[in-house]
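This briefing covers the sheets, the helices packed on them, and the enclosed and open spaces of the structure shown below. Please keep the sequence at hand while reading.

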Amino acid sequence: MTGIGDGGKRIVLADPRGFCAGVDRAILTVQTILKAADRGAAAGDGGLPPVYVRRQIVHNKHVVEDLAKQGAVFVEELSEVPDEAVAAGVPVVFSAHGVSPTVKGEAAARGMHVVDATCPLVSKVHREVLRFVKEGYEIIYIGHRGHDEAVGVVGEAPDHVHLIEHASDVDGLDFSEDTKLVLLTQTTLSVDETADTIAALKDRFPWIAMPPNSDICYATSNRQAAVKLVAEQSDCVVIVGSANSSNSVRLVEVAQEGLGSRGVAHRVDDAGDLDDSWFDGVQAVGISSGASVPDELVGGVIDALQAMGYTGMHAVETIKENMHFVLPAELRSRR
Ligand code: SF4
């Protein structure tokens, strides 16, 4: 822990926070295509956009707005990509959260030029589904119903992947002892809440197999561990992240658990969402951010708090991250 002006009204900053390697890669994927188009080296000339992106490339509205300003066109479904753009070879990027085989099939059927920005750690879970189904397993998948990542993973084998959200859902599952069972999870879950759900699953199905490595990714675990310590030293915690960002919402939950009755954890998209009343009587404000959040947004929150008198600041550093993912193969030569 490094101390800068400890004591008095202060900020306790989580480290690590913000961008993970998967988000960094996904954003860089779109930026690389945009830059190439700018140089006239890619399809997109002739009035067509330089790139389409299916769904939010990462779950952060500022990132999406920024890329949209640079020319990226975001669509919810591939059907929104016009035939003339497909014919011209305009790239269509799949977001960091991954897609189901149905979406890949639709893109292939239309002959789309796909650039897949699925985080490699999400792709790993897709591969695990295929491997376990091939080996005759039924898969219990802990995830959030409707989240893009969960939809993509379940879509690999809808008849064999059984999605549950909480420990309370375990009672609704029914498998005989001769059913081979294995557990997989979404990458951005709460480590602690998932442990409770796993305990309930092991209790009900003692033969259930665990994956070789946890599917909850390094970035999710590291950010939760850091915010837990931050919350212990704070009277209030502010998490920067969008409402549809699973890992950001989990950080709010973890922070709230760490604060207990001493204070409240809030989520903001940016400094504009801060409410002065949250800080009445608060001496120490903890800050962290989700894996899809640019650090400038955290900087804006720090500036706003400093203007409110939180002039002391120290960082709680739990681990140094050095994870890096290379760009999708078709883009590597363009950088
Ligand atoms: S949070 Fe984890 S799984 Fe999701 S994009 Fe980042 S590194 Fe990949």
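In this predicted model, five bridges join strand 7, residues 138-142, to strand 9, and the two strands run parallel. That pairing belongs to an open sheet of three strands, whereas a second open sheet has four strands in the order 4-3-5-6. A search of the whole structure also finds two cavities of 30 Å³ or more, and a pocket that lies between two domains is described at the end.

**The three-strand sheet and its helices**

- The strands of this open sheet follow the order 8-7-9 with parallel pairing, and its edges are strand 8 (161-164) and strand 9 (181-185), each of which pairs on one side only.
- From one strand to the next, the twist averages 25°.
- Within the pairing of strand 7 with strand 9, Y141 has L184 of strand 9 as its bridge partner.
- Helix 5, residues 120-134, packs on the sheet and touches strand 7, strand 8 and strand 9, with its direction making about 170° with that of strand 9.
- Helix 7, residues 191-204, likewise lies across strand 7, strand 8 and strand 9, and runs at about 150° to strand 7.

**The four-strand sheet and helix 1**

- The order 4-3-5-6 describes an open sheet whose pairing is parallel; strand 4 (73-75) and strand 6 (113-116) stand at its edges with a single partner strand each, so one side of each has no neighbour in the sheet.
- Direction ignored, neighbouring strands of this sheet are turned by 30° against each other on average.
- Three bridges join strand 3 (residues 52-54) to strand 5 (residues 91-94), the two running parallel, and V53 stands opposite V93 of strand 5.
- Helix 1 lies across strand 3, strand 5 and strand 6, and runs at about 170° to strand 5.

**The two cavities**

- The largest cavity has a volume of about 290 Å³ and a lining of 25 residues, of which C20, V23, T187, T188 and N247 lie nearest its centre.
- Two or more residues of that lining come from each of helix 1 (21-38), helix 5, helix 8 (218-232) and helix 9 (246-259).
- By class, the lining of the largest cavity comprises 13 nonpolar residues, eleven polar residues and one charged residue.
- The second largest cavity, with a volume of about 50 Å³, is lined by I142, H144, E165, L189, S190, E193, T194, T197 and R250.
- Helix 7 supplies the largest share of the lining of the second largest cavity, namely three residues, and this lining as a whole divides into two nonpolar, four polar and three charged residues.

**The largest pocket**

- About 160 Å³ of space lies in the largest pocket, which is lined by F19, I27, Q31, H62, V63, D66, L67, P294, E296 and L297.
- Helix 1, helix 2 (61-69) and helix 10 (295-307) are the elements that give two or more residues to this lining, and the largest share, four residues, comes from helix 2.
- The lining of the largest pocket has six nonpolar, two polar and two charged residues.
- Because domain 1 (2-19 + 219-317) and domain 2 (21-119) both give residues to its lining, the largest pocket lies between them.

Notes
Residues are numbered from 1 along each chain as its sequence is written. This is a predicted model: local features need pLDDT of at least 70, side-chain atom pairs count only at pLDDT 80 or more; totals for chains, interfaces and linings use all residues. Side-chain values use heavy atoms; hydrogens and water are left out. Two strands pair if DSSP finds at least two bridges between them. Axes are lines fitted to C-alpha atoms, for helices over the stretch in contact, and angles run from 0 to 180 degrees between N-to-C directions. Contact means heavy atoms within 4.5 Å. On a 1 Å grid over the protein atoms alone, a cavity is a set of points where a 1.4 Å probe fits but cannot get out, and a pocket is an open set with protein on both sides within 12 Å along at least five of seven lines; lining residues have an atom within 4 Å of a point. Grid points are joined across faces, edges and corners, and a volume is the space filled by probe spheres set on the points. Ala, Val, Leu, Ile, Met, Phe, Trp, Tyr, Cys and Pro count as nonpolar, Asp, Glu, Lys and Arg as charged, and the others, Gly among them, as polar. Domain bounds come from an automatic or database domain assignment.
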